[in-house]
Each structure stands twice: as C-alpha cells, then as structure tokens.
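Dear colleague,

Please find below the structure that I am handing over to you, with its sequence. My findings follow directly after it.

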Amino acid sequence: MVEASSAETVAAVKPFLDDPRFELIVVPPCAPHTKPKALNYTLPMVRGDHLVVYDAEDIPEPDQLRRAASQFDEDPCVDCLQAELRIDNAGESWLTALFAAEYSGLFGIMLPALAHWRLPVPLGGTSNHFRTASLREVGGWDAFNVTEDADLGIRFARLRYRVGTLKSRTYEEAPVRMMPWIRQRTRWMKGWMQTFIVHNRYPLQFLRDAGWRNFLVFQIYISGMIFSAPLHLVFVIALLIRGSVALFAGTPVQPMAFAHMFVLAAGYFGACVLAIAGTARLPGQNIGRYQWLLPLYWGLTGIAAFRAMYELVVRPYFWAKTGHGVTEHRRGPVSGQRQQTRPEPTPPIDLKKWGDAKEPS
C-alpha cells in the first residue's frame, strides 16, 4: 500500500512484485491525506485471516510473523497483538536517547501491563497484528484521526475485543533533529486529543460499552498524556518566575513552593523509574545517563502539546510526515555504531527471507 503521490516509494516496491506473494496497491490522492485513510482503502482487498501493519522504515525481527501466527493459534480469544517497538539509534544524541528510554518504558513495561490486566491498550501504529475479521467488525481505522493506532486500541477495548502484546521487536529510527521531533510529537498529541474528544462525546454510552474499569483507565491515561506536558511547562515557568522574583526581592520562600517542588520531583522520579526499568532491558545501550535532561524533554513535549491544540482548531487532519534515513547509526538490532559516512536511506527489507525463518522455540 503506497500513496500515489509517493513516486519514489512506488518505484522502490516494484522490484519485489515478481514474487506472486507480494502486491502493490496504489492509494488514489483524495482527502483526508492520512495513513488510516490509506489503510481503510486497502482493507476490503485483504484476503488473509491475519493482517499486519508496518511502517516502511521499520526493521522487524525476521520471525515476527511466525511468532504472531503461533500466538493467534494458541490464544483464539486475542484479536490484536502489538509487538515491542525499539529505537535503534538511541546513542546518536540526547534527544534520541530520551526517545528510546520513553519507548522502552512504554512498549516494554506499560503496554504489556495494560494488556495483562485486560485494560485499554493504545496501539503503536506499526507492528500491529490483527485478525482480519475482528478488524473489519470494529470498522477499521478512523480516517480522520492522526493517531489512528491509539483510537483503534481504545475502540477494541470499548467493543470488548482483546489486545495482547507480542514478544518480538521492531526497530525504528528516532528523529535526530529537534524540529522533526516536535512535528512528530505535535501530530501524536493532536491525535490523542482527537481520540479523547471522540470517545467522550457520549460518556454514558462509553461507560456502558467499556465498563467502569476501562472507562476510568481511559480518562486517567489518555488525559494524562494530553494535559501533563502543557501543565508541566506552565508549572515550571511559573515556578521559575516566582523563584527569581523571591531571590532578587530578598523575600523568604513560601512553604507552598516546597510542596510544588516536591510534586515536580515526584513526577520526574516516576518517569525516570519507568524509563530506567525499560532501558535496563536494552543490552549495550547506556542511555540512562541522559535522564537528568528529562525536564527539558518534557518542556519540548509541552511545546508540541500547545502546537497540537492550535492545529486541532485550524487544521485537525493535517498529517506531518516524519523524515527517515538521516541517522548516522546502524539500523537494526545492533545499534550505536557510528558509520564513517552518512548512509543511504534504509533499503527495503528483504521479505523473501521471512519464509525461511524458523518457528519460535
């Protein structure tokens, strides 16, 4: 599945079409110009019992499809599996290191816990494995939601379909520069806002559909992702201003300021624990030392949240694409090794090797 406007991607896919297992579907250029619109266009053409979504730049482990098929066969009650996403250029900068720590905590600890407790699991947008029939029954993706993955995960929970996690990794490239990171995070924040608004249009119906546990977890978890970042930014700026005024005016620090600093420190501590616990599972990636920059990272997330609020009003369906193929680190399981020269964009994965992968032990 490739957008008609992506001529380079169409050209890159065509050499694989000699293999009868593969087919190229070109999505016509029509609004909304979003990934879920393209996925919905393709869904009626799916002939298999299972469907998987990969982003073009991803590098999944070669036996991931076999593992997913085996898990679907072993557990007929599961309707969707989310593989673990890992950042393979974590050592490139402080920004990619914090991004990798965030991913490791989310996909390595948080989402498996939510799946284990049968709570709503916001999907990650790639390495999503579905039973085709279940995906069609829930209506596919929301073509107008720019984080269609999170919305679909909530819809699965609302309609009492089960989402599990898959013990297989897919490697992704984190944005290296700050502005691409902010644009990507802006889109994510905007999509979470859309998801929060859409599912809360009729809250009593939502409560009846999902049950009180799923309803409460949705309100706490999704609203936390939306509001924590901008509130943190405002809170820190206000605290710095009040502290500076008190310092220059020579006035004593108010007791409430210590309470504010305690709340701030508690938030940082909780996030650091989750990130460090996740990164402890990543061999050879010493990225925990960047956690002292977490306030700056959260500040950037707050900026992205305010941008998302603006875009939600003026261009709610705008999809800011993230550039890839700019990292100077090796892609895949072994990362952190700087190459001598800037590499060419990551070549397409040789899917023909997948058929030779061994069954998981």
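How many disulfides does a search of the whole structure find? The search finds zero, where a disulfide is a pair of cysteine sulfur atoms within 2.5 Å. Cys-77 takes part in no disulfide, and the nearest cysteine sulfur, that of Cys-80, lies 15 Å away. Cys-77 counts as exposed because its relative accessibility is 52%, whereas Cys-80 is buried, with a relative accessible area of 0%. Throughout this message, buried means under 20% relative accessible area, exposed means over 50%, and partly exposed means in between, with a 1.4 Å probe and protein chains only.

Before you read further, please note the basis of these values. The model is predicted, so that local features need pLDDT of at least 70 and side-chain atom pairs count only at pLDDT 80 or more, while totals for chains, interfaces and linings use all residues. Residues are numbered from 1 along each chain as its sequence is written, and side-chain values use heavy atoms, with hydrogens and water left out.

Salt bridges

The structure holds 14 salt bridges. A salt bridge is defined here as a side-chain nitrogen of Lys or Arg within 4 Å of a carboxyl oxygen of Asp or Glu.

One of them joins the side chains of Asp-88 and Arg-331, at 2.6 Å from N to O. This pair links distant parts of the chain: Asp-88 is in the loop between β5 (78-87) and α4, and Arg-331 is in the segment after α11 (294-314), 243 residues apart. The helices (H or I, at least four residues) and strands (E, at least two) named here are DSSP runs, numbered from the N terminus. Asp-88 counts as buried because its relative accessibility is 0%, and Arg-331 counts as buried at 18%.

Arg-331 also meets Glu-173 in a salt bridge, at 4.0 Å from N to O. Glu-173 lies in the loop between β7 (162-172) and α7, and Arg-331 in the segment after α11, so this pair ties together parts that are 158 residues apart in sequence. Glu-173 is buried, with a relative accessible area of 4%.

A further salt bridge is formed by Asp-63 and Arg-67, whose closest N and O atoms are 2.9 Å apart. Asp-63 counts as buried at 17% relative accessibility, while Arg-67 is partly exposed at 27%. In addition, Lys-35, Asp-55 and Glu-148 are linked in a network of salt bridges.

Nonpolar cores

A nonpolar core is a set of buried Ala, Val, Leu, Ile, Met, Phe, Trp, Tyr and Cys residues joined through side-chain atoms within 4.5 Å. The largest one has 64 residues, of which Leu-51, Phe-99, Phe-130, Leu-135, Trp-141, Leu-152 and Ile-287 touch the most other members. Helix α4 supplies the largest share of this core, eleven residues. Contact means heavy atoms within 4.5 Å. Leaving aside neighbours within four places in sequence, Leu-51 is in contact with residues including Leu-43, Val-46, Phe-130, Leu-135 and Trp-141. Apart from the largest core lies another, of six residues, among them Phe-72, Val-78, Leu-81 and Leu-166.

Helix α4 and the loop after it

Does the length of α4 agree or disagree with its number of residues? The expected span of a helix is 1.5 Å times one less than its number of residues. The 23 residues of α4 (residues 94-116) should therefore span 33 Å, and the end C-alpha atoms are 32 Å apart, which agrees. There is nevertheless a kink of about 30 degrees in α4, centred on Leu-106; the bend at a residue is the angle between axes fitted to the seven residues ending there and the seven starting there. Just after α4, Arg-118 takes a positive phi of about 60 degrees.

Thr-126 lies in the loop between α4 and β6 (128-131). Thr-126 counts as buried because its relative accessibility is 1%. Apart from neighbours within four places in sequence, Thr-126 is in contact with Val-53, Tyr-54, Asp-55, Asp-58, Gln-82, Leu-85 and Glu-172.

Arg-183

Arg-183 is placed in helix α7 (residues 178-199) and counts as partly exposed, at 36% relative accessibility. Not counting residues up to four places away in sequence, Arg-183 touches Arg-307 and Ala-320. The C-alpha atoms of Arg-183 and Trp-319 are separated by 9.4 Å, although these residues are 136 residues apart along the chain.

Yours faithfully
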